[in-house]
Amino acid sequence: MKKSAMKKILALGLAAAMFAGAGAVGTAALSGTALTANAASTVASAKQFNYEILDYMRKYISITGYNGTDSEVVIPSQIDGMTVDGIGANAFYGNKNVISVTVPSTVTNIGDLAFANCSKLSKVIVPDTVRIISDNAFNGSSNVSICALSNSTAQKFAKRHSIPCKFINLPLESVPFIYTGDKETYIGDTVSVVCRASGGKRETTMDYQYAVYYKRANSTKWTTAQNFSDRDLVEFVPKHIGDYDICVKVKDKTGKVAKKYISTTIYPKFKVKSTLTANEIKLGQKVYVNGIFAGAIEGYPEFEVFYKNENQTKWTRATTYEEGRVVIKPKHTGKYTVCVRGTYTSVNPDVAPVHSKKNLTLAVK
């Protein structure tokens with residue numbers, strides 16, 4: 001997400017969110033985000049490929065079908081700005097035209113019957129980023145050979161299933177990604193960078209070494225998260241909200257280095273910033289609570305308001321609303337504490353609600 005989009009989110013987050021007596025807050029806003037919530041089940045088509053979106057943030061996809069007429073197919077690493085992570089079940093099943101397929105180094109898995117019953121298929125180039133291959137992925141494709149690096153998952157798969165394997169040399173390539181657990185990353189959260197690589201000189205995938213650096217998008221100074229090490233999971237906690245650039249370098253056994261830049265966005269946490277229309281009133285007067293919050297992203301806030309006199313131990317819940325705002329009308333003089341409790345619910349059902357509260361002071365004379 002770029003800076004202009006980030007500013008827009010912050011502006012929306014800081015706007016007043018009106019209280020509703022029935023508890024339905026931001027209905028209009030919800031209708032605009034419903035498609036994002038259901039993105040995981042979306043199947044779309046882009047040029048020659050059908051694909052399935054794997055995550056609600058629309059970052060990763062799996063190829064589910066090939067509609068083209070080319071006999072030599074090179075699967076792109078990205079389609080519509082999303083990374084191709086897998087070759088799904090039946091993606092090329094029964095194709096009678098394709099002779100060769102090159103799998104991109106972003107792919108980590110090949111599904112059931114993905115290249116099955118392809119009568120003319122003679123060559124599939126599989127990078128060593130692929131860690132999982134279904135046992136029946138090539139069933140019925142009797143003419144196929146797998147092209148892979150030595151000691152890779154694909155080479156071991158070919159040997160186990162008696163499929164001819166041709167060893168190839170691929171240029172060293174860094175193929176990292178950020179693990180988010182299908183959620184936005186808020187300030188204070190840990191960013192987890194999963195380091196992957198392909199090609200180069202190595203005996204096993206454990207021979208790669210990785211270095212990770214990060215910086216704010218508007219900065220020129222890089223921070224080291226990890227110097228070259230065989231650890232392939234690198235974590236760091238950003239100190240500011242906004243867009244971040246991440247550089248992941250990989251080094252093979254000969255010392256050759258390749259790098260790739262990826263990015264992420266750190267969002268502000270949901271926080272109640274409600275105010276009272278007056279901090280001092282006369283007995284019998286009303287005071288209104290403005291429902292203000294910061295940091296919400298693609299979701300909606302709900303608020304509860306409680307108040308009590310300093311001489312009381314029991315809280316009273318405010319249940320009266322006027323013009324979308326909560327109304328408080330104290331029955332006694334004295335100093336009151338007004339507690340506003342907010343709950344932010346994401347449109348993604350897998351993301352747990354976030355809670356925040358704020359205490360305000362009201363004097364009644």
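The legends below describe close-up views of a predicted model.

**View 1. Five strands form an open, parallel sheet.** The strand order is 4-7-9-11-12. Strand 4 (72-74) and strand 12 (165-167) are at the edges; each has a single partner strand, so one side of each has no neighbour in the sheet. On average, neighbouring strands are turned by 15 degrees against each other, direction ignored. Helix 4 packs on this sheet and touches strand 11 and strand 12. The direction of helix 4 makes about 150 degrees with that of strand 11.

**View 2. Strand 9 and strand 11 run parallel and are joined by three bridges.** Strand 9 covers residues 123-125. Within this pair, Ile125 has Cys147 of strand 11 as its bridge partner.

**View 3. The largest nonpolar core holds 36 residues.** The members that touch the most other members are Ile87, Phe92, Val101, Phe115 and Phe138. At least two residues of the core come from each of strand 2 (49-53), strand 3 (60-66), strand 6 (82-87), strand 11 (145-148) and helix 4 (153-160). Another core, of 22 residues, lies apart from this one and includes Leu276, Val287, Val289 and Leu362. In soluble globular proteins, nonpolar side chains tend to be buried together.

**View 4. Val101 is shown with its contacts from beyond four places in sequence.** These contacts are Val73, Ile75, Phe92, Phe115, Leu121, Lys123, Val124 and Ile125. Val101 and Phe92 are both among the core members that touch the most others, as is Phe115.

**View 5. Three strands form an open, antiparallel sheet.** The order is 14-16-20. Strand 14 (177-179) and strand 20 (233-236) are the edge strands; because each has a single partner strand, one side of each is left without a neighbour in the sheet. From one strand to the next, the twist averages 30 degrees. Strand 14 is joined by three bridges to strand 16 (residues 191-194), and the two run antiparallel. Tyr179 stands opposite Ser192 in strand 16.

**View 6. Cys247 lies in strand 21 (residues 242-251).** The relative accessible area of Cys247 is 4%, under the 20% limit, so the residue counts as buried. Leaving aside neighbours within four places in sequence, Cys247 is in contact with Ala211, Val212, Tyr213, Trp222, Lys259, Lys260 and Tyr261. Of these contacts, Tyr261 is 14 residues from Cys247 in sequence, with a C-alpha to C-alpha distance of 4.6 Å.

Terms used. Residues numbered from 1 in each chain as written. Predicted model: local features only at pLDDT ≥ 70, side-chain atom pairs only at ≥ 80, totals over all residues. Heavy atoms only, no water. Pairing = 2+ DSSP bridges. Helix = DSSP H or I, 4+ residues; strand = E, 2+ residues; numbered from the N terminus. Axes fitted to C-alpha atoms, helices over the stretch in contact; angles between N-to-C directions. Core = buried A, V, L, I, M, F, W, Y, C linked by side-chain atoms within 4.5 Å. Buried < 20%, exposed > 50% of the residue type's maximum accessible area, 1.4 Å probe, protein only. Contact = heavy atoms within 4.5 Å.
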